[in-house]
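Please open the model in your viewer and keep the selection panel at hand. The tour below proceeds stop by stop, each with something to select.

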Amino acid sequence: MDDPPTPPEGSPPPPPPLAPQGTSGSPTDFLKAVVGKKVVVRLTSGVDYRGILTCLDGYMNIALEQTEEHVNGNITNRYGEAFIRGNNVLYISAAEAL
């Protein structure tokens, strides 16, 4: 098997590989799929909150249970329940496979 050519030094990295067939969907489909599952919520400040997504609304306000606050990769606090205002959310990702 041939290895792909190495890009010249200083050039931008290659684009990520395409998603496998059947995994594409709308953001709404993703959000519906992760309700009740563990998620990572990254805030615009760079702080991560990890917990179980209990609900969210159209403004991206989020309610989490069993929440851990992570700053620079270290757990700084644990909360039973947490509410995150939507305008602070940078992204939501699944913490476990869907």
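Begin by selecting helix 1, residues 27-34. Helix 1 lies across strand 1 (38-43), strand 2 and strand 5, and runs at about 60 degrees to strand 5. Contact here means heavy atoms within 4.5 Å. Helices (H or I, at least four residues) and strands (E, at least two) are DSSP runs, numbered from the N terminus. Axes are lines fitted to C-alpha atoms, for helices over the stretch in contact, and angles run from 0 to 180 degrees between N-to-C directions.

A note on the source: this is a predicted model, in which local features need pLDDT of at least 70 and side-chain atom pairs count only at pLDDT 80 or more, while totals for chains, interfaces and linings use all residues. Residues are numbered from 1 along each chain as its sequence is written, and side-chain values use heavy atoms, with hydrogens and water left out.

Next, select the strands. They form an open sheet of 5 strands in the order 4-3-2-1-5, with antiparallel pairing; two strands pair if DSSP finds at least two bridges between them. At the edges are strand 4 and strand 5 (89-94), each of which pairs on one side only. On average, neighbouring strands of this sheet are turned by 25 degrees against each other, direction ignored.

Now restrict the selection to strand 2 (residues 48-56) and strand 3, which run antiparallel and are joined by 7 bridges. Select I52 and look for its bridge partner in strand 3, which is E65.

The next stop concerns charged side chains. How many salt bridges does the structure hold? There are 3 salt bridges, each defined as a side-chain nitrogen of Lys or Arg within 4 Å of a carboxyl oxygen of Asp or Glu.

Select R42, D48 and R50, which are linked in a network of salt bridges. Between R42 and D48, the closest N and O atoms are 2.3 Å apart; between R50 and D48, the N to O distance is 3.8 Å. Is D48 buried or exposed? D48 counts as buried because its relative accessible area is 8%, where buried means under 20%, exposed over 50% and partly exposed in between (1.4 Å probe, protein chains only). R42, at 25%, is partly exposed, and so is R50, at 35%.

Finally, select E68 and R78, whose side chains meet in a salt bridge (3.4 Å, N to O). This pair links distant parts of the chain, with E68 in strand 3 (residues 62-71) and R78 in strand 4 (residues 74-84), 10 residues apart. E68 is partly exposed at 23% relative accessibility, whereas R78 is exposed at 60%.
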